[in-house]
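Trainee: Could you walk me through reading a structure, one feature at a time?

Mentor: Gladly; let's put it in front of us.

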Amino acid sequence: MGRSDAYNITAELIYAAVAVYFIFGLAWASIYQVIEISNPSSFSMSNAEASTQNFIFQMWYFSMVTLTTLGYGDISPVTMTARVFVVLEAIMGQFYLAVLIASLIGRRIAQGK
């Protein structure tokens, strides 16, 4: 693999970047589950049901809404610990996208030279 191959933007590179973004969402959902289990009522959920499957989905949903900084507000962090982690996820989500886009543009410019 030559130096020029390192700068090529391929479909696989784009798919991998998207997959990493979703993995971040799943990892943060797991963190939120641990926070809620260790300290119940760390999150306020307006439409929460008692089932475990629904709880897992709710935390994944909240994670993806936070990661994208969409913020519907139907689930909210209540405790300081939950709020700190939510802020960290939102910042990480924005930095990831900014760095990813900058990297891809930089590679594309280098590819053209």
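Mentor: We will go from the overall layout to the helices, the cores, the surface and a few loop residues.

Trainee: What kind of model is this?

Mentor: This is a predicted model, and local features here need pLDDT of at least 70.

Trainee: How many helices and strands does the protein chain have, and in what pattern do they follow along the sequence?

Mentor: There are four helices and two strands, and read along the sequence they give α-α-β-α-β-α.

Trainee: How do I get a feel for the chain as a whole?

Mentor: Start with burial and contacts. Of the 113 residues in the protein chain, 27% are buried. Then take the contacts between residues at least 6 apart in sequence: 71% of these join residues at least 24 apart. As for the surface, the chain exposes about 7300 Å², with carbon and sulfur atoms supplying 67% of that area.

Trainee: How should I read the length of a helix? Let's say α4: what should its 33 residues span?

Mentor: Compare the distance between the end C-alpha atoms with the span expected at 1.5 Å a residue. For α4 the expected span is 48 Å and the end C-alpha atoms are 48 Å apart, so the two agree. Helix α2, with 28 residues, reaches 41 Å from its first C-alpha to its last, close to the 40 Å expected.

Trainee: Which residues of α2 are buried, and what do they pack against?

Mentor: The buried set in α2 is A17, Y21, G25, W28, A29, Y32, Q33, I35 and E36. These residues pack against β1 (43-45), α3 (52-67) and α4 (80-112). In α4, the buried residues are A82, V86, E89, A90, G93, Y96 and L104. Their cover includes α2, β1, α3 and β2 (75-77).

Trainee: What is the general idea behind a nonpolar core, and which residues make up the largest one here?

Mentor: In soluble globular proteins, nonpolar side chains tend to be buried together. Here the largest nonpolar core has eleven residues: W28, Y32, I35, F43, M45, F55, M59, F62, I75, A82 and V86. Two or more of its residues come from each of α2, β1, α3 and α4. There is also a second, separate core of five residues, among them A17, Y21, M64 and Y96.

Trainee: Could we zoom in on one member? What is A82 in contact with, beyond its neighbours within four places in sequence?

Mentor: A82 is in contact with I35, S42, F43 and P77.

Trainee: Is T66 buried or exposed, and what does T66 touch?

Mentor: The cut-off for buried is under 20% relative accessible area. T66, in helix α3, has 8% relative accessibility, so T66 counts as buried. Not counting residues up to four places away in sequence, T66 touches Y32, V86, E89 and A90.

Trainee: Let's follow that to A90. How does A90 fit in?

Mentor: A90 sits in helix α4, and its relative accessible area of 19% makes A90 buried as well. With neighbours within four places left aside, A90 is in contact with T66 and T69. The C-alpha atoms of A90 and S63 are separated by 9.0 Å, although these residues are 27 apart along the chain.

Trainee: Which residues make the nonpolar surface patch?

Mentor: I14, Y15, V18 and F22 make that patch, which covers about 390 Å². F22 belongs to helix α2 (residues 11-38) and is partly exposed, at 43% relative accessible area.

Trainee: How do I read backbone phi values?

Mentor: Most residues other than glycine have a negative phi. Two residues here have positive values: S41, with phi near 70 degrees, and T69, with phi near 55 degrees. S41 is in the loop between α2 and β1 and is exposed, with a relative accessible area of 52%. T69 is in the loop between α3 and β2 and is partly exposed, at 42%.

Trainee: Where does P40 lie, and is P40 buried or exposed?

Mentor: P40 lies in the loop between α2 and β1, and at 55% relative accessibility P40 counts as exposed. P40 and T79 are 39 residues apart in sequence, and their C-alpha atoms are 9.8 Å apart in space.

Key
Residues numbered from 1 in each chain as written. Predicted model: local features only at pLDDT ≥ 70, side-chain atom pairs only at ≥ 80, totals over all residues. Heavy atoms only, no water. Patch = residues over 30% accessible without salt bridge, like charges linked within 9 Å, V, L, I, M, F, W, Y side chains within 5 Å. Areas by Shrake-Rupley, 256 points an atom, 1.4 Å probe, with all protein chains shown as cover. Salt bridge = Lys/Arg side-chain N within 4 Å of Asp/Glu carboxyl O. Buried < 20%, exposed > 50% of the residue type's maximum accessible area, 1.4 Å probe, protein only. Expected span 1.5 Å × (residues − 1). Contact = heavy atoms within 4.5 Å. Core = buried A, V, L, I, M, F, W, Y, C linked by side-chain atoms within 4.5 Å.
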